Amino acid sequence: RTPAMVGDEEQERDFQRFLRRVDDIANLVQGLSSTDSAVSAKAIAEAEKRLHDQECSKEEERNTTVNRTIINTRASDMANAEAVNADGFLAMLEKDAKERAKRRKRNEHLANALKEKGNDAFRKGDYVIAIQRYTEGLEKLRDKQELYTNRAQAYLKVHEYEKAIGDCEWALKCNEKCIKAYFLMGKAHLSLKHYSEARQCYEKILQINPQKESLFKDCMNEVNLEEKRMKDEERAMKEVQSGKLAALSIKELLQKLHRPDQNVLYYAGGIRLLAGAVKDCTEQTLFRTNNGFSILGDNEIVRRGFCAESKNAAEVDLSVSLLLLWQAVCAGNEENQRLLLTRPDVSAQLPKLLSSGVSEIQKETLALIYLYSENENGRRLLVRHLDLTKWLQVLMMFVNSTDARASSAMNILSDLTQEERFKTQCRVTLSTDVLPLFTQLLASAKLVNQAALARCIGIMGNLCADAVVRMQMAECKECWQACLKLVDEYFDVSTSKYQECLFAVLGLVMNLLLESNVVVQYFAVDISDRCMSLLRDKDGRIVTRAIGVLSRILPASSSAVEEVVKGGVVKKMIKFLKAGGQTTCSYGIKTLSICTRSNRQAQEDLVKSDKGFSVLLKLLDSENETIVGNAALCLGQCLVVPGAATSLLNSSVVMVLLKHAGGDAARTSVQANAAIALGKLCVAEPRHIFQLRKLNGLAILNSSMKYVHS
């Protein structure tokens, strides 16, 4: 009995030990799959430790199992089974840990590369691009503290203070003693006038590293000065609102605002009062005749605050007040609009205000410019008095905005593209500044304002009406690559907004394909391949434009023609021609005419897919001359297929072709293609000549030869 009791106790201990191991492993696996980067990292470290311990003790465990076998066979079997199960868990754990380590190493390499790209953009002042690069890096590696603090620093530059604070909080989850995170968070809180929170952040720096006392004192002094300045400005604002300024007339207000004897906030409040007082054309005239536009020239304090490169809160308020005033005095008043733009300080500052990164200033600057761009006279004033060479790039940057600024900027760009002089000015910086930004926006379509991006793409498509702009864009390899990337992403992100981006890109590509160059030839196969995939889309607009792109890209590459023919393009086009509208038919029949020009497989596919040429015969009755001309061309090219001409013996094809050959179409290609098709028809099947003679067609055919010759 004693040995049996010993065996039972041993078995119970083995069983309990096994259960504990299972619980530990289950907790470990759960930790490895945790979304919390700190928990996941801790689990990986624990897993590696366990694997190391297991390897060291494997021999000892094997000996122990042998000794237990001598004591109790039944217990040994269970223990072995338990050991196998536990070892299976650990083996799975080891494999998972290795895969994770390998994947992490690869992602860390990619994240570091993106961090460097972000740093490079930050150094150049391209803060929006820097934010995008850091964001892409975090998609590769979520627990990289440097990416969070770097992105927070970029957010500070574009005045996205709440986002900067959020990134600093994430950085502190990765490293709770990150001094840079507390420093940047303090800066963000200070900008938001959260003085208490800013002080707490700076105090944390001193707690982490007492040697940072000098930095701590500088930061605390900055908070104290900013808080005092804010209180002084609030006091001045109360004086403006409750004092005598509110009771003054427009003339009296202007006299006060011309004298440089007050602080910035005083003038900001006075200018806002003046803006509110201007309500009709009489008051607009009163403003002009009392030298209202010379405030900037006469008042050094106002001019300095308005022109400051890096504006404090009071200077921002002053700038916004001036912009509101100018909107009030220029609305519907051409003379005031002209006078404002002739002020050197104003014309020089407008593009700088747009690039300031301060959302309130940008919003009101865009509103002021839109007063000009929405009508023809205003646009001409902009083009005449301002240097607009960089405006396309500056306004395009707002595609990154998630608020109304993006729509306002696109409205202005759309208006300006109606002016030929603006298109001419766009040529200057297109290759060096605009196209790099545009391709970057296309490549980052998932991250930007997609509604604004769709409009931006459409605007670039409209600019392609300028031959020089179109040529430069068509020669830009990066632009084509970005367009293809956007199409590829559409298959994964099929949202309505992304759909509009794709629709716009296809329109842009069609316009660019009016050019023919080696770059177009290089991408022809890739472009046609994407279009073939888009033919399955549920949106008819997308399908129509994809066919349109095919009709323009295929002439550039015989290889592209071969690929689409192998992919069944002929059968697909016949299907669309049966049910499509006029635009779809125009693109579809042109695509078929290109494919059947020299590709025998395409010719045979068409004869097989379009029994008795019923679809082509229907197109020959179209009122659209382009469709008729391409249908005749396509028919003539397919008559070389044995039996094709014979299948038309009992049709009206001779009469239809004869009508077009002797017709008076504006496009002589219609007569020429019809005459050629008729000649090929009679050569391939001589019995058609009887019908031709019966209709007195030989004379008509002879007269149409002049078009063929030409």
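## Close-ups of an all-helix predicted model

Of the chain's 710 residues, 48% count as buried. Keep in mind that this is a predicted model.

**View 1. The whole chain, before we zoom in, has 39 helices and zero strands.** Take the contacts in the chain with a separation of 6 or more: residues 24 or more positions apart account for 70% of them. The remaining views pick out a few spots along the chain.

**View 2. Here helix α27 (residues 518–534) meets helix α28 (residues 540–553).** Two packed helices are described by the angle between their axes and the distance between the axes. For α27 and α28, the axes come within 9 Å and cross at roughly 150°. Angles over 145 degrees count as roughly antiparallel, so that is how α27 and α28 run relative to each other. Their crossing is left-handed. On the α27 side, look for V520, A524, I527, S528, C531, M532 and L534; on the α28 side, the partners are I542, V543, A546, V549, L550 and I553. By class, that contact has twelve nonpolar residues, one polar residue and no charged ones.

**View 3. Now α27 turns up again, this time with helix α25 (residues 477–490).** The axes of α25 and α27 come within 11 Å and cross at roughly 10°. With angles under 35 degrees counting as roughly parallel, α25 and α27 are therefore a roughly parallel pair. This crossing, too, is left-handed. From α25, the residues K477, W480, Q481, L484, V487, D488 and Y490 take part, and they meet V519, V520, Y522, F523, D526, I527, R530 and L534 of α27. Sorted by class, the residues of the α25–α27 contact are ten nonpolar, one polar and four charged.

**View 4. This one zooms in on E419, in the loop between α21 (404–416) and α22 (420–443).** Is E419 buried or exposed? Its relative accessibility is 13%, and the cut-off for buried is under 20%, so E419 counts as buried. Leaving aside residues up to four places away in sequence, E419 touches R379, R380 and V383.

**View 5. The last stop is residues 179–212, listed by UniProt as "repeat: TPR" in an unreviewed entry.** In the model, this span is 79% helix and 0% strand. The C-alpha atoms at the two ends of residues 179–212 lie 10 Å apart.

Terms used. Residues numbered from 1 in each chain as written. Predicted model: local features only at pLDDT ≥ 70, side-chain atom pairs only at ≥ 80, totals over all residues. Heavy atoms only, no water. Axes fitted to C-alpha atoms, helices over the stretch in contact; angles between N-to-C directions. Helix = DSSP H or I, 4+ residues; strand = E, 2+ residues; numbered from the N terminus. Parallel < 35°, antiparallel > 145°, perpendicular 65-115°, else oblique. Left-handed = near helix turned anticlockwise from the far one by under 90°. Contact = heavy atoms within 4.5 Å. Nonpolar A, V, L, I, M, F, W, Y, C, P; charged D, E, K, R; others polar. UniProt positions renumbered as here; feature names shortened; annotations may be inferred. Buried < 20%, exposed > 50% of the residue type's maximum accessible area, 1.4 Å probe, protein only.
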